[in-house]
Amino acid sequence: NSAEWIYQCNFIITLFIMNPIEMNLLEVAKQELIRSNRDYRHPFNLMTLATNDAKTGYPQVRTVVMRHIDSLLNVLFYSDSRSPKIIQIEKNNLTSIIWYHPKRKIQVRMDCIAHIVEEKSQLYKDHLLKVKHSKSVSDYKSSLAPGTELNGLEVKQGDEIHFSLIQLNPTLIDILQLSNEGHQRSLYINANEQWQESKLVP
């Protein structure tokens, strides 16, 4: 459609008409991340989240659905409130997330501080309402917690909704742009709500 054609043209202009040395990788990545809010087929809708398991000492990595990202690059995602990742975040809220866009060949990695949004907040209530009116509400009504060994147990649907909303606030962003004209990589550190860029070897 025409909107997609315009978007494709704008992206090409960003990548190839700009001087590659002057390319702001953060703006390129931000454009893609914000676009994923309104395009459910966008590859950035799925992200890989890493937390730390205090019991084993090993990092725990899984794919989660990004529900929203704002202009400050704060990320929201959902979880069953009984999930191991909620326990891990409560004990250690330092997390990492990563996206990769296979068509654009851009990788975005963030180190974040995770916050479990309070149930009394309006933000939580708004997203809970969305879940209640969606087909995915059943994902949060299982009688058994995620990761429970079945051992012959039957999973049933209960009445209670075990829903958590998690916000990830980035402190560091590492962006890699692959290109036949030469790869580029930049590191951005959040200093007083300003992103300070350092060019890195890809």
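Helices (H or I, at least four residues) and strands (E, at least two) are DSSP runs, numbered from the N terminus. The model is predicted: local features need pLDDT of at least 70, side-chain atom pairs count only at pLDDT 80 or more, and totals for chains, interfaces and linings use all residues. Residues are numbered from 1 along each chain as its sequence is written, and side-chain values use heavy atoms, with hydrogens and water left out.

**Exercise 1. State the confidence of the model and find a stretch below 50.**

Step 1. pLDDT is the predictor's confidence in each residue, from 0 to 100. The protein averages 91, and 89% of the residues score at least 70.

Step 2. Residues 15–21 have a pLDDT below 50. Beyond near neighbours in sequence, this stretch has nine contacts (heavy atoms within 4.5 Å) in the model.

**Exercise 2. Place Tyr188 and describe its surroundings.**

Step 1. Tyr188 is found in strand β7. Its relative accessible area is 2%, and it therefore counts as buried (under 20%; exposed is over 50%, partly exposed in between; 1.4 Å probe, protein chains only).

Step 2. Leaving aside neighbours within four places in sequence, Tyr188 is in contact with residues including Asn24, Leu25, Leu26, Ile173 and Trp195.

Step 3. A polar atom of the Tyr188 side chain lies 3.2 Å from the backbone nitrogen of Leu26. That nitrogen is also 3.0 Å from a side-chain oxygen of Asn24, which caps the N-terminal end of α2.

Step 4. Helix α2 spans residues 25–35, and Leu26 is among its buried residues.

**Exercise 3. Describe how β7 and β8 are joined.**

Step 1. Strands β7 (residues 184–191) and β8 (residues 194–200) run antiparallel and are joined by seven bridges. Two strands pair if DSSP finds at least two bridges between them.

Step 2. The two strands form a hairpin with two residues between them. In the turn, Asn192 has a positive phi of about 55°.

Step 3. Ile189 stands opposite Gln196 in β8.

**Exercise 4. Which side of α3 is buried, and what does Ser79 touch there?**

Step 1. In helix α3 (residues 84–91), Lys85, Ile86, Gln88 and Ile89 are buried. These residues lie on the same side of α3 because they cover an arc of only 160° around the axis, taken from the directions from the helix axis to the C-beta atoms.

Step 2. Exposed Glu90 and Lys91 are on the face turned away from the buried side.

Step 3. Ser79, found in strand β3, is buried at 2% relative accessible area. Among the residues that Ser79 touches are Lys85 and Ile86. The side chains of Ser79 and Lys85 make a polar contact at 3.5 Å.

Step 4. A polar contact is a pair of N or O atoms within 3.5 Å; within protein, one must be able to donate a hydrogen and the other to accept it, and residues adjacent in sequence count only if both atoms are side-chain atoms.
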